[in-house]
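User: I am new to this structure. Can you take me through the reasoning behind its labels?

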Amino acid sequence: MQNTHQYTAQRTKTFDLILTSMLASLVFVATILLNIKLPLGNGGLIHLGTSMLFIVSILFGPKKGMIAGAVGMGLFDLVSGWALWAPITIITRGLQGYIVGKIAWSNGHKGTSFTFNLLAMLVSIPLTIAGYYIGESILYHSLIIPLASIPGDLVQCAVGIAIAIPVCAMLKKVSMFK
């Protein structure tokens, strides 16, 4: 009986590792698939990664959201010429994924409440902007230069929310996500 329990626990851990890796890959692919450099600020991009980060965090919770955001978008920075931004992205997007998942999964909702999901994404925006502002302030040794990136960050998050809301609503109707 004990061997069966150990085997089941090991399978669960393996499945969890595979799932988390696949979610990070989805965030990476969504980020790299379509990205448009904004003429605002010093590094603003519009990409599908933010929406995928929101979707992962709402559907799978804070831990997977954190890892998927940090690894997926951090890896994008490393392979696409934004390597200097990778540490900032890893911290900021990991925190964003955790916050969205934590709020969306609070009070037993597990991402099922439209209100909590929207609130989660909205609460994460100022923290994400602050994370990139602090990082950019360090990179450019200026408190003024990063202000130009804030509009682009807002657009990026707004696009992410606009995509994530209907996708999550549709996926939550699938029995696997109920």
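Analyst: What follows is a set of questions on one salt bridge and two cysteines in a predicted model.

User: What makes D16 and K64 a salt bridge?

Analyst: The closest N and O atoms of D16 and K64 are 2.3 Å apart. The cut-off is 4 Å between a Lys or Arg side-chain nitrogen and an Asp or Glu carboxyl oxygen. The value is within 4 Å, so the pair counts as a salt bridge. A search of the whole structure finds one salt bridge.

User: Which parts does the pair tie together?

Analyst: D16 lies in helix α1, residues 2-33. K64 lies in helix α3, residues 62-79. The pair therefore links parts that are 48 residues apart in sequence.

User: Why is D16 called partly exposed?

Analyst: D16 has 35% relative accessibility. Partly exposed lies between the 20% and 50% cut-offs, so D16 gets that label.

User: Is K64 buried or exposed, and how do you know?

Analyst: K64 has a relative accessible area of 15%. Buried means under 20%, so K64 is buried.

User: How do you know that C157 is in no disulfide?

Analyst: A disulfide needs two cysteine sulfur atoms within 2.5 Å. The nearest cysteine sulfur to that of C157 belongs to C168, and it is 15 Å away. The cut-off is not met, so C157 is in no disulfide. C168 is in no disulfide either, with the sulfur of C157 as its nearest at 15 Å. The count comes to zero disulfides.

User: Are these cysteines buried or exposed?

Analyst: C157 has 2% relative accessibility. C168 has 3%. Both values are under 20%, so C157 and C168 count as buried.

How values were computed. Residues numbered from 1 in each chain as written. Predicted model: local features only at pLDDT ≥ 70, side-chain atom pairs only at ≥ 80, totals over all residues. Heavy atoms only, no water. Helix = DSSP H or I, 4+ residues; strand = E, 2+ residues; numbered from the N terminus. Buried < 20%, exposed > 50% of the residue type's maximum accessible area, 1.4 Å probe, protein only.
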